[in-house]
Amino acid sequence: MTAAPRDSVGTLPVADAPADAPEAKAPGGFGVRHLEILLMFCGMTIAYMLRVNMSVAIVAMSDSSTSNPDIEDFGWDSSTQSYILSSFFWGYVITQIPAGQIAHLWSAAKLWSLCMFVCGVVNILIPVAARVGDWGAVCACRIVMGLSQGCVLPSVHTLLGKWVPPNERARLGTYAYAGAQFGTVIGLPVSGLLAASSAGWPSIFYLVGAITIAWSVVFFIWGSDSPARHRSIKPAEKDYIETSLGQVDVQTQHSTPWIKIITSVPVWSLIIVHCGQNWGYWTLLTEMPSYMNHILGFDISKNGFISALPYLAMWLLSFPFSWFSDYVIRRGWVSRAVSRKVSNSIGHWGPAVALMGLGYATAEHTVIAVVILVFAVGLNAGSLCGYQINHIDLSPNFAGTLMAITNCIANIMSIVAPLICGLIVTDLTDLTQWRTVFFISAGIYILCNLVFVLFGKAEVQPWNDTEVKPDSENGRNQSSKKTDGKSENK
């Protein structure tokens, strides 16, 4: 397949600027790149509100006595709830790789906008689907939402690869991805309040769906694929970004080196650690409201707030984590690889220890259980400047494609984890069954991160510098050119 030109003037990020090149000076103040990161942050916030609202809503949809008894419920058992919670990922895994290619060849910003618009519309239809088609129709809606949201991470990574200079990568990348935690922090308590309100659980889907549609319109208008395509960026900021990324100013066409990617050891270590992240993260995110309700005894209005506390901690911790990660790299204290691995080890091994402790907390120790949950999820902030941005380290050119590959495979874990939890936890009030779930998640965290520590890299890979074919003015005369991307320190 021949790729369409990436930008209106053909700017292509080939690799980070060579280490011995003079460092470009960052323009002061709030720039266009910061505005784009803010829009990405808002998009990630809304995307995760769409994902987590079902975790709270399903408690009320299964038993309205937990929220507003005047609103109808459907009496779904724990197994049915597990199917509904996992159904989002049935669609999500399918569109990852196609979305990565579309974002790479067409427009990451437009793709994200259009897919989120569809997702918002379908979310609004869930209450009607539940009444008309019961849990099967709800699963169908969540599958369509998953298909739509399959574009999110590949689009974000593609955009970050074009907008974020290497020296700001941990900070700005984390700021964009911190929307996931912020969306969870907002989504869980707001969903709990809405479920307990006079409008009941349907209002959760109406409100979040409307916000999603509004954002998709805003991002379609103001989102941009790169500095070269932005209509009002100042030349100084544009030059700073492009110089930092080592971009070349030609119209370009190049193809994805699939064989080299799928045979790359650092990529496979990234896939494995991403699988570990998704298993642990989504087990907690989807099952925590049920654990809070049946083990710790929180009602749904308190449930949402308490469930959000760990993600508030993760969101707050992501800022010092990202700043320190960039700082130690910039000062030359550690290599980029060491920074990524240490950050990710804190983000995975810390929660693993906390989860093992959580398995012994009972209803008489609710404060201790909540504190452990806060530590378990809060420390996971380290992963945002660990594996999460390592795709861009390995290949600025194909960051979106790498994220599509790893996220596609890793989200099989997001499907399997709630189903395994549903099989293990047959009695929602049995702590020993929940303990088994937590111990499994802890073990997966430990083993998967160990693979990343042993085999992960943070240098630009040789296959990032694929053959580039500049187009002449008439688009017919093409010649081959090798880009000059140099490896960073390991």
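A residue is termed buried under 20% relative accessible area, exposed over 50% and partly exposed in between (1.4 Å probe, protein chains only). The model is predicted, so that local features need pLDDT of at least 70 and side-chain atom pairs count only at pLDDT 80 or more, whereas totals for chains, interfaces and linings use all residues. Residues are numbered from 1 along each chain as its sequence is written, and side-chain values use heavy atoms, with hydrogens and water left out.

The largest nonpolar core (buried Ala, Val, Leu, Ile, Met, Phe, Trp, Tyr and Cys residues joined through side-chain atoms within 4.5 Å) has 114 residues, and Trp112 and Tyr291 have the most contacts inside it. Helix α1 (residues 32-62) supplies the largest share of this core, 18 residues; helices are DSSP runs of H or I with at least four residues, numbered from the N terminus. A second, separate core comprises 13 residues, among them Ile271, Leu402, Ile405 and Ala410.

Aromatic pairs (ring centres of Phe, Tyr and Trp, the last by its six-membered ring, within 6.5 Å; stacked under 30 degrees between planes, edge-to-face over 60, otherwise tilted) number 24 in the whole structure. Trp112 and Phe219 form one that is edge-to-face, at 5.2 Å centre to centre and 70 degrees between the planes. This pair links Trp112 in helix α3 (residues 96-149) with Phe219 in helix α6 (residues 202-222), 107 residues apart. Trp112 is buried, at 0% relative accessible area, and Phe219 is likewise buried, at 1%. One aromatic cluster is formed by Tyr48, Phe88, Phe89, Tyr92, Tyr281, Trp282 and Tyr311.

Methods. Helix = DSSP H or I, 4+ residues; strand = E, 2+ residues; numbered from the N terminus.
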